[in-house]
Each structure stands twice: as C-alpha cells, then as structure tokens.
Amino acid sequence: MSAVPVTEIRRCTRCVLPSTFPGVSFDADGLCSMCQEAPPAPEFDKIRGNLRRKLEEVFAAHRGKAEYDVIVAFSGGKDSSYTLMTLARTYGLKCLAVTIDNGFIAEQAQKNLRVVTASLGIDFLLFTPAPVFMNDLYKTSATTAVHTKAALTRASSMCNSCINLINNHMVKLALEKSVPIIAGGYIGGQVPKDSVLMVMDLDVQARFRSEAIKRYVKHFGPDAASYFGISDALVARSPLRKINIVNPMLAFGVTEDRIIEEIATLGWRKTSDTGSNSTNCLLNDLGIAVHYKQHGYNPYVNEIAEQVRTGLMSRAEALEKVQDIPDFARVERQARKIGLDWNEV
Amino acid sequence: MDDKIRQYLAETLLIEFGDDGSGVSEDANLFESGLIDSFGFVQLVAFLEKTFAIEISDEEVLSDALSSFAKIRSFVADKVGR
Ligand SMILES: [Zn+2]
C-alpha cells in the first residue's frame with residue numbers, strides 16, 4: 001500500500017500505469033513495460049478490424065441454429081448496452097439479454113435495463129441471487145484473499161467475485177438453452193488479452209470448476225457450490241461441447257462518448273450515483289476504495305491504461321479518471337450496507 | 001526456455017517461484033493452489049504454442065502435463081526436442 005498521494009505517484013508517460021501496479025517496470029523514457037511491447041495506437045485500428053472479421057466468422061457459423069444465437073451478459077451499463085445493440089442491429093443476432101441483480105443496481109440503471117431491451121425488441125431475463133448470499137460474498141471478498149493476483153490487476157476483489165458468479169450463470173443458461181455463444185461487454189484491460197473470442201471447452205472448464213468451487217465454498221459457504229458450479233448432469237444433458245465466449249467491445253474500437261451517444265438513441269440515460277467508473281452498480285466505489293486501500297492502485301487503471309494505449313482515450317482524461325479515488329469516509333456508508341466494517345479492510 | 005516460461009508466469013500471472021518460502025515451489029500444482037484460473041490457463045496454452053512453435057492437443061490440455069512449472073518445463077522441452 002502506498003502512502004504517496006494519488007496525484008504524485010510515478011506513471012507511464014504514454015498510458016498512465018502507475019509504479020504501484022504489480023509487475024510493471026519503466027524504461028529510461030518513462031514508458032511502462034506494457035507500452036514498450038504495444039504497437040503505436042493507430043495500428044490498433046487494423047488489429048481491431050482483424051478481430052471483427054474473426055467474430056463475424058463465429059456469428060455466421062452459429063446464426064439461426066438455436067432458440068437464441070447469443071446470450072448477452074447485460075448489466076445495463078454503457079458497454080453491455082452498446083454490445084447488445086450492436087449484436088442485435090449490426091450483426092442481426094437473436095439475443096437473450098440476461099442480468100444478474102446484485103441488489104445494488106442504481107435506479108436509473110434499472111430503467112435502462114428495461115428501455116434498452118424494449119427498444120431493441122429483445123427478450124430479457126433477470127436473476128436475483130439471495131441478497132443475504134450476495135452481501136456476504138462482497139463482504140468476504142473485501143476482507144479475504146479470494147482471487148489470483150493476475151485477476152486482481154483487472155478488477156477489484158468484489159468485482160471479480162461478482163463477475164465469476166455472473167459468468168457461471170451465463171454458462172448454465174447457455175447449456176440449458178443450447179445457446180452456442182455468450183457475449184460480455186468487457187473492454188480492453190478488464191479481461192486478459194485475446195478475450196475477444198475464446199472457445200470454452202467444457203471438459204477443460206470442469207477441471208478448473210472443481211478447484212474453484214472448493215475455494216468458493218471455503219470462502220462463501222455451501223451455497224457457493226450452486227452459484228459458482230455447474231452440475232455434471234447439466235453438462236452431460238447439453239448437446240454443446242464448446243461454448244464461444246466473445247467480448248466484442250475489444251474489436252469495436254469506440255470511445256466512451258460515442259457509446260453513450262449511440263445508446264442514448266435507445267433511451268439509455270447516465271446514472272448520477274454510481275461513481276466515475278460505473279454506469280450501473282452502487283457498490284462500485286466501495287470496491288475501488290477497498291482495492292486502493294489494500295493494493296495502492298485504482299483497480300480500473302489497467303483498463304483505463306489500455307484505452308489510452310489503443311487510442312480510445314486521451315491521457316489527460318485517463319489521468320483524471322484514475323486519480324478520482326472515492327472518498328473513504330463516503331464509502332463507509334456503502335460498507336455498512338453489506339455489513340462490512342471499513343476498519344476490517 | 002526456462003527463463004521465458006518463468007518470466008511469462010511472473011509477468012502475466014504474477015506467480016513468483018522460489019524455494020526459500022518467499023515464492024511458489026516449482027512443483028506446486030498451479031490449479032489446486034488457486035494461482036491460475038481458467039482465463040490464465042487459456043492464456044498460458046496460447047503463449048506456449050506461440051512462443052515455442054508447438055501444438056498442444058486437447059488431450060494434453062486435459063492431462064496433468066501443464067499443472068506445475070516443473071511439468072510445463074519438461075513438457076515443452078520434450079515437444080521442442082522432438
Ligand atoms: Zn504504459
């Protein structure tokens with residue numbers, strides 16, 4: 001943890017990654033190790049073009065063969081709204097939008113869920129895990145080492161727990177409904193490189209699942225087995241052996257302003273109570289503050305740095321975002337909502 | 001080769017090896033210890049295939065051959081030597 005004020009931390013001269021970020025080093029020009037290996041920003045247009053073609057091949061191979069072509073993990077936030085819009089309109093895929101209500105979806109975001117799916121004429125499913133489980137999940141995630149170090153460089157511990165639960169739910173639904181593609185609205189830096197298209201082999205997953213479930217049950221109690229697990233019977237019953245996991249945002253190359261402009265045409269409106277890095281979740285600032293207190297860097301810095309590196313955000317805008325650490329006194333209130341004592345963090 | 005794999009695991013998965021108690025043992029099972037998740041594993045397989053110009057079959061992916069640093073190292077050495 002760093003005692004240096006966030007504005008005075010040494011940062012990469014190209015992408016804003018801080019010296020407090022795990023595994024990073026700087027060259028004589030102040031370029032971080034990730035920027036040293038990255039091509040110049042303009043080249044990403046070509047890279048994204050190639051990625052779009054790869055996605056289009058997958059869409060073409062699966063379009064029209066099942067009840068739904070794709071399950072979209074839909075948070076109601078800007079990125080998954082844009083993903084849903086593009087898959088439905090540009091690519092003509094039959095989408096099923098699925099939202100997990102974690103109990104902390106901002107009011108405006110709940111309206112956005114309805115208005116976006118209604119405008120697009122898309123089926124929409126909402127799943128609400130028991131609040132008692134979710135609150136405990138967040139509390140434990142804030143106070144216990146649950147995730148790999150690498151996962152923590154991409155999102156806060158609380159976010160990672162939630163994301164894993166969501167992903168697992170999507171895979172379950174895909175198996176139940178034989179949907180060959182699952183789409184997420186993740187952007188660069190939130191997921192590992194090459195996540196634009198991953199083929200999930202259900203047998204390979206089984207091996208991770210059993211290890212992961214053991215850990216989840218240890219941390220979150222016996223109910224975690226169903227939230228984070230998939231039964232062998234479900235896998236056996238499904239005709240699917242592989243599921244295509246796609247994160248199309250990595251191939252689209254659109255700026256935040258453009259995203260918001262486009263989804264506004266569907267009736268989507270920005271939330272005013274979710275902090276500077278979220279457009280749906282009221283707990284997000286708590287997750288950031290906990291991460292900052294424990295690790296000394298903003299958990300959004302990796303994705304923000306990646307947006308700069310790939311030419312989708314200016315460095316000045318990025319700097320403003322990463323230096324905006326939520327006020328610890330303010331997040332204490334959020335902490336109490338999940339039964340967390342800030343001093344335990 | 002040893003260095004390349006070690007550096008990859010350190011930089012990408014943030015796994016540091018060492019037998020003096022400060023790091024992870026080279027024989028430690030990366031899955032059971034929770035050091036690698038499914039994302040990390042997919043990345044690792046892609047890295048090994050690309051870096052060492054080898055092909056890793058579905059059976060090999062499913063086997064125990066890539067479960068620790070020591071096993072990964074001998075697996076790649078075998079493949080490259082072939
Ligand atoms: Zn950089």
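# Rings, zinc and a few unusual residues

Hi everyone. The structure holds 15 aromatic pairs over all chains, and I would like to begin with one of them in chain B. Phe17(B) and Phe69(B) form a stacked pair, with 4.6 Å from centre to centre and 20° between the planes. Before going on, please keep in mind that this is a predicted model.

Where do these two partners sit in chain B? Phe17(B) is in the loop between α1 (2-12) and α2 (38-51), while Phe69(B) belongs to helix α4 (residues 69-81). That puts them 52 residues apart, so the pair links distant parts of the chain. Are the two rings buried or exposed? Phe17(B) counts as buried because its relative accessibility is 16%, under the 20% limit. For Phe69(B) the relative accessible area is 0%, so this residue is buried too.

The ring of Phe69(B) has another neighbour: Arg73(B) lies over its face, at 4.8 Å from the ring centre.

Let me stay in chain B for a moment. Phe47(B) and Phe52(B) make an edge-to-face pair, with 6.3 Å between centres and 85° between planes. Both Phe47(B) and Phe52(B) are buried. Moving along to Ala53(B), we find a positive phi of about 50°, although the residue is not a glycine. Ala53(B) lies in the loop between α2 and α3 (58-62) of chain B. Its relative accessible area is 72%, and therefore Ala53(B) is exposed.

Chain A has rings to show as well. Which residues do ring pairs link into a cluster? They are Phe59(A), Tyr82(A), Tyr91(A) and Phe252(A).

Now to the zinc ion. Its protein donors are the SG atoms of Cys12(A), Cys15(A), Cys32(A) and Cys35(A), lying 2.3 Å from the ion. Along the sequence, the donor residues follow the spacing C-x2-C-x16-C-x2-C. What is the geometry of the zinc site? The four donor atoms make angles of 103 to 113°, and the site is tetrahedral. On the protein side, Cys12(A) and Cys15(A) are both buried.

Next, a residue with an interesting set of neighbours: Asn302(A), in helix α14 (residues 301-309) of chain A. Asn302(A) counts as buried because its relative accessibility is 7%. What does its side chain reach? It is the backbone oxygen of Gly189(A), at 3.0 Å. If we leave aside neighbours within four places in sequence, the contacts of Asn302(A) are Leu17(A), Phe21(A), Met34(A), Thr153(A), Arg154(A) and Gly189(A).

Another buried polar residue in chain A is Ser141(A), with a relative accessible area of 1%. Ser141(A) is placed in helix α5 (residues 131-143). Not counting residues up to four places away in sequence, Ser141(A) touches Val146(A), Ser157(A), Met158(A), Ser161(A) and Phe220(A).

I would also like to show you the loop between α7 (157-177) and β4 (181-183) of chain A, where we find Ser178(A). Phi of Ser178(A) is near 55°, a positive value in a residue other than glycine. Ser178(A) has a relative accessible area of 24%, so this serine is partly exposed.

Pro180(A) is in the loop between α7 and β4 too. At 9% relative accessibility, though, Pro180(A) counts as buried. What touches this proline? With residues up to four places away in sequence left out, the answer is His62(A), Ala66(A), Tyr68(A), Asp69(A), Leu240(A), Ile243(A) and Asn244(A). One of these, Ile243(A), is 63 residues from Pro180(A) along the chain, yet their C-alpha atoms are separated by 5.3 Å.

My last stop is Glu43(A), in helix α2 (residues 43-62) of chain A. With a relative accessible area of 45%, Glu43(A) is partly exposed. How many residues lie between Glu43(A) and Gly311(A) in sequence terms, and how far apart are they in space? They are 268 residues apart in sequence, and 9.1 Å apart from C-alpha to C-alpha.

That is my tour. Thanks for listening, and I am happy to go back to any of these places.

Terms used
Residues numbered from 1 in each chain as written. Chains lettered and ligands numbered in written order. Predicted model: local features only at pLDDT ≥ 70, side-chain atom pairs only at ≥ 80, totals over all residues. Heavy atoms only, no water. Donors = N, O, S within 2.8 Å, 3.2 Å for Na, K, Ca; no water. Tetrahedral: all angles 85-135°; square planar, octahedral: opposite > 155°, others 65-115°. Buried < 20%, exposed > 50% of the residue type's maximum accessible area, 1.4 Å probe, protein only. Helix = DSSP H or I, 4+ residues; strand = E, 2+ residues; numbered from the N terminus. Polar contact = N/O pair within 3.5 Å; in protein donor to acceptor, adjacent residues only side chain to side chain. Contact = heavy atoms within 4.5 Å. Phe/Tyr/Trp six-rings, centres within 6.5 Å; stacked < 30°, edge-to-face > 60°. Lys NZ or Arg CZ within 6 Å of the ring centre and 35° of its normal.
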